[in-house]
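Student: I would like to go through this structure with you and ask how each term is earned.
Tutor: Happy to. Let us put it up and take the terms in turn.
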Amino acid sequence: MHSRRAIAAGGVLIILSAGLVACNKTTDEGSKVDTNRVTTGVIATDPKDSRGPAPEVPGAKKGGTFTIIRQTKISHMDPQRVYSFAGLMNAPLYARTLTYWKDDGKGHLTLVGDLAETPGKNVNNDCKVWEYKLKSGLKFEDGRPITSKEVAYGIARSFDPDLTGGPTYVQEWLADNAQYDQVWEFKTNKTALPPGLSTPDTSTIKFEFAKARCDLPFALSLPASAPLPSDKDTGVNLDNQPFSSGPYKITKHQVGVELVLERNTNWDPATDPIRHQYPDKIVWTFGPNAEQGANRVIADSAADQTALAWNGVPASLVAKVVGGSYTSRTLNAPTPSANRLTINTQRVKDLAVRQALNYAIDREGLIKTLGGATVAVPMTTLMPPSTLGFQSHDAYPAGPNGNIDQAKKLLAGKTPELVLAVSDNTAGTETGTQLKNNLEKAGFKITVKTIPTDAKLDETKKRDNPWDIWIDNWAADWPSGASILPVLFDGRGIKAEGNSNTAFINDDALNQEFDRVLAMDPSAQAPEWAKLDKRIMTDLAPAVPLYVDVAYFLHGSKVGGLYVSSVFGYPAFTDVHVKA
Amino acid sequence: MFRYLVKRLLSAALTLIAVSVVSFLMFFALPRDPVTGMCPKNCNAERLERVRQELGLNDPKHEQYLGYLKGIFTGRDLGSSQGGRCDAPCLGYSYVNSEAVTDTFGRVLPVTLSVVIPAAVLWLLLGVGLGVVSALRRGTMLDGLSIGFSLTGASMQLYFVGAVLQIVFIYNLKILPVPHYTPLLENPVDWALGLVLAWWALAFLFSAIYARLSRAQMLETLSEDFIRTARAQGQPKSKVYGRHALRAAITPIVTIAGLDVGGALGGTVITETTFGIQGLGRTAVDAVRAGDLPTIMATVLISAAFIVVANIVVDLLYASIDPRVRLR
Amino acid sequence: MASGITLIVLMAVALAAPLVEAMYGIGPHEQFQYKLSSLGGIPLGYLGGISGEHWFGLEPGLGRDIFIRLVYGMRTSLFIALAAAVITTVIGVVAGTVAGYVGGKVDAVISWIIDFALAMPFLIVALAVVPTIALRFYGPREEIPGWFRVTVLIGVFAVFGWTGTARLVRGQVLSLREREFVEAARASGARLGHIVRHELLPNLWAPILVTFSLAVPSYVTGEAALSFLGIGMVEPTPDFGAMIFRSLSYLETDPAYMVFPGVTIFVLVLAYNLFGDRLRDALDPKSKR
C-alpha cells in the first residue's frame, strides 16, 4: 500500500515536471549563417583612418550598465599575459595598443594606428626597421601622459618568465630566438630595454629586427603592446588589477565573482579611432554555466535586459531561440576558428590512407553531434573563409556525409589501425564515438584514447606523441594566411614539444614556397596563400579539414552595438551601448 | 572527559596527517605531470624545467611534503612568480587561479557553509519532525503519506530534483532569481533568494532519510517499558513524548546528522554543479581536473578536518544527551 | 510484493540485454542522425523522436536509440552495484566482527582505519584516480576494455564503502559479546571460529542482509553520480548517470530525453529501497508491524 503510493507520487512528479515544458514538434529549419562571407582587410595607408574620434553609433546614448555573464573568470587581465578570447575582447576596454582593428562586424577590417599615428613606418622598406610615432594627448587612468617610455616598458616586461601566458611574437622577433628570455633578462635589466627596441624620443618607438618581419603591425594589435608605467608594475598581481590606458578602468574585482569597469575620465575620444564610451559601467558576472547564462538572457528580466551571455547559446537550447522575437537579439556569424583532423604523418605515412580519410569523413554527422548549424559549419580548406584572400576549394569532394565507397577504393581492401586521441570531456568523447562509427564504415579500425582535457593540447604538441589522429583547432591571431599555413605546416621548426605543426610534415619544396611568399608584400601574399592551401591538400593531405566554429550569442533587449569580431569570432565591445 | 578529549584530538591529528600524506603521494604516483597546467601555449622544455625548479618539484618527495606542512604553521617563502612571501597558514599558491590558496578558500568556504548549514537545519527540522509525528500517528494517512514522501525522496537523484526546481521556479514561474551566492552580511535577502532552491533540493533528499530514521527510532523507543510506565503514571503526553521519548530516540540521529553535515561540508560537488554555485566542492573538482596540487591538498585537508571535527562533536553530544554512554 | 516483482523483472531484462537487442532490432551503438534536426541536433518529431521503431526516442547529437541503451545501461549499473555491495558487505562484516569481538588494540586500529577511510574525500580521490589509473596498466595506443573501467569503479566503491557495514557489525558484535550464550560458549572452550559461525553470525545475518539490500541502490546512485561528473563509465558504454547528465541540458528543448532514464533509475532505486524496508520489517524481531 505504501509502496504504491510512493511510486505513484514519484511517477507523477516526474511526468509533471516533463510536462511543464510545452510539447512541441521539432522540425528542421535552415541555418542562417552566411558561409559565403569573406573577410577583406587592409592596413590603412591614409593617416586619417587612424585619427579619432570614432564615428558615432546611430541611436547610441550614454549611460547605463552593460553586463556580461560568463561561467569562468577571465584567466588573465594583465595585457602582457592576455591570450584567451575573453581576455582579448576585454582588454581593449582598458588597454590601448600601438595598432588595432577597425571592424564593421561583417568582415571588413582595417588595421589602423591606435596609440600610434599610423599602423607603422617601414623605414627602409625591408621590414627590418619599424618606427611608430605616438599621438599627443594620450593619458593613463590617473591622468599622466602615455609616452614611448611606457610603451617600451610594456614590451620589455613581456620578456619576464614569471609573466607567462601572452603571445611571444614581438619578443621572439626582437631576440631573434625562441628562447628570448635567456637572450635578455627582464628582472636584472628593469631600467634598460631589450635588444632592438629603442625610444629615440618621448613619442617615438623603434623596432630593429635581424630578419624581415612584415607582420609587425599585426602583431602589435595584440594587447601585449599595451603601455605600463614602471612604478605601476605589480608583477603577478597586475593580472587582477591592471592599469588602464583605455576608455574604462577596473574599479572592483572579486576574483571568480565579479569584475566592474567604469569610465576612465582621462581617456580622450579625439585620440581614439575605434572605441566609444557609452555605458557608465561594464560588469562581468562570473558563475552561471552556459545554459544558466543563456536562460537568463532568454528570460530577459529587468536585470538581464542589458546583459550578454558570453558562453553563447548551447546546442541544447537552440530550439528555444531560433526565429521569431529572438532574431533581433541574436549575434550569428562565422568565426576564424578552424578545426581539422590532424594526421600524424610520422605514423600515417601512406598518402592513400590520408586521402581515404578525407573521403570517408561525414562532416554533417559530426556537426550534428556537436550541436548543429549554430555551432559549426563544414570546411573543406585548411584556411577558414575569414582569411584575407580566401578561395574555396575541395581537394577531395565527398559530399556532406562523406563518400565511403571512394574511401574504400583508395584503401584497396586494407584496414589501417588508427589511434584517435580525444579530450576526456563530454564533447571529446562524443566526437570520438562519432568519428569511430563514421570511419569504421570505410574499413578503418579506430581505437579511441581519452586524454585529460587540460593536458590534450600539450600532449598532442609533442613530437613523439603516440597517437595517429586527433582534432586540432587553430584561430589565427590575425587574418592573414601568413599566420596559418607556414605556422602549421613548415617542418623546419619542429622541436620536441610545443609544436604547432602537429602533422609534423617537413617538405622541402613546400618550405621554400613558404619562404618565397613570406618575402612578398603583404597585400600580394593573399592569393598565393590560397594557392598553397590547395596544393598542400592535394599533394600532402596532412589533415582532414572539418568545420569552422560559428558564433551564436544572445543578448538582452536593451543592448545595442554588439557585433562579432571578424578577427577573433567573439563579441566585441567597442560600440556597445545601453538602450533606455 | 578531558582525557577523552585529548585522546580524540590526538587521534584526529593522526588521521589528518595520514590523509595529507596519502593525498600527497597519490598525486605524485599518478602518471600526470603537475606542471602541465601551469605553462600555456608557448611553453617549452626549458621553461617547464625552470618552473619545476621554482616549485621545488625536483626536491625529494619527503622534503616537499615537510616543507608544505611547515608552511601551514610558520609560513613559507615562495618564488616571485607565486607572490613572494606566503604567511601562515600557508597553503601554497595556485597557478590555475592566480592566487594564494588561502585566498581561494576565503572566497569559496563561505559559499559552501551558506549552502550546507541552512539546508541542514531545514532537513533536520523537516525530517525529524515528520518522522516523529508519523510515529505518533502510526497507521493514519499522515503516516502513509510521510512514508511515501521519504521513500520518494530517498530514491530521487539530487541533480534531477535540482534541475526540475530550477525549471519550475526560475524559468517558468519566474519568481526566483538564478541561483547565485551573495555574502550574508552584504544582502541577507538576496543571499537567501539565491540559495533557497539549493536548500530545498538538499532538504527534500536528506529529510526523507531522516524521516525514515526518526520514525523507526521513535517507534522503537515508544515501545520501551519506561514509556509505558511514564504514561501509566499519568504524565502528560507532551512530557512523555517530548522529553522522554524524543531524547532517547534522538541519539543515533545526532550521530548520523553530525557525520552527514561534516561530510556535506566537504563535498557538495553535485549540488554546486547542479545550481551553478562556486563552492568548495567545485573548486576541488576544478583543481583535480587542472592538476592544481596546492588547491587539491588544501581541499582534501579541509574536508577531512570537517569530518573529523564532526565526529568528535558528535561523540561529545552523544555523551551529554545519553547518560548511559560513558566516554572511555 | 510489488517491489520484489519489479526488481526481478528489471534484473531479468538487464541480464537478457543481448536477447532484448535481438528482438528489438536496434543495437546500442547504431546512429540515426538523419532523424535529428540540423539546429541543435535534437530529434525531429514529437517527444524526442518516439516512434514505433524507437520506443523511447533518440539521443540528441549522436542519434542513438534510448530504449536499448537503457537496457544495457541498467545491466552495467546493476552489475557494478551488486558486485560493490557484495564486496563491501563481506569486508565490512569481517572487519566489524574482528574489531567487535577481539577488541583491544585490534579494535582501536580497525576503528582508526574506519575513521581514516571516512575522512578521505571519496569524490576527490575518485576524480584523481579513475581517469588516470588506466594509464598505469595500458599503453598509450592500447584500447582499454570495458571491464577494466567496471573493475576500477567497483574497486573505488569497495575501498570506501565497507566502513558503514563494519561500524554496524562492530556495534552489534560488541553488544552480542556480552550476552550470556556467547559467554557460555566461551566458557565451554569453544574456539573463535566456532563462536563466530554458531553464535555471532546467526544473529547478525538479518541486519547484514538489510544493509546489503539497501547498499545496492546507493551504489546505483553513486555510480550515476560519478558518471554525472564524468568519471563513471565512459563513451561509448551506455550508462544511466551519463545519460541523465546529458539530458539535464536538454530539459527545456527535449524533455523526453530525461524522462526515460530518470524514471527508470527512480523505479530501480525505489524498488530496492522498498524491498530492503520490507525485509527489515520482516526480519527485525522487535518490530510488531
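Student: What percentage of the 580 residues in chain A is buried?
Tutor: Buried residues make up 60% of them. A residue is called buried under 20% relative accessible area, exposed over 50% and partly exposed in between, with a 1.4 Å probe and protein chains only. This is a predicted model, where local features need pLDDT of at least 70, side-chain atom pairs count only at pLDDT 80 or more, and totals for chains, interfaces and linings use all residues. Residues are numbered from 1 along each chain as its sequence is written, chains are lettered from A, and side-chain values use heavy atoms, leaving out hydrogens and water.

Student: What makes chain A as compact as a globular protein of that length?
Tutor: The globule rule is 2.2 Å times the number of residues to the power 0.38, and the radius of gyration is taken over C-alpha atoms. The rule gives 25 Å for 580 residues and chain A has 25 Å, so the description fits. Its C-alpha trace spans about 80 × 65 × 40 Å along the principal axes.

Student: How many helices and strands are there in chain A?
Tutor: There are 16 helices and 22 strands. Both are DSSP runs numbered from the N terminus: helices are H or I with at least four residues, strands are E with at least two.

Student: Why are β9 and β12 of chain A called edge strands?
Tutor: Two strands pair if DSSP finds at least two bridges between them. In the open sheet β9-β10-β11-β2-β12 of chain A, with mixed pairing, β9 (248-254) and β12 (307-309) each pair on one side only.

Student: How do you know that β10 and β11 of chain A pair, and in which sense?
Tutor: DSSP needs at least two bridges, and β10 (residues 258-263) and β11 (residues 281-286) of chain A have five, in the antiparallel sense. Within this pair, Leu259(A) stands opposite Trp284(A) in β11(A).

Student: Why is His393(A) called buried?
Tutor: Its relative accessible area is 8%, and the cut-off is under 20%, so His393(A) is buried. His393(A) lies in the loop between β14 (376-378) and α11 (404-411) of chain A.

Student: What makes the link between the side chains of His393(A) and Asp533(A) a polar contact?
Tutor: The term means a pair of N or O atoms within 3.5 Å; within protein, one must be able to donate a hydrogen and the other to accept it, and residues adjacent in sequence count only if both atoms are side-chain atoms. At 3.1 Å, this pair of side chains qualifies.
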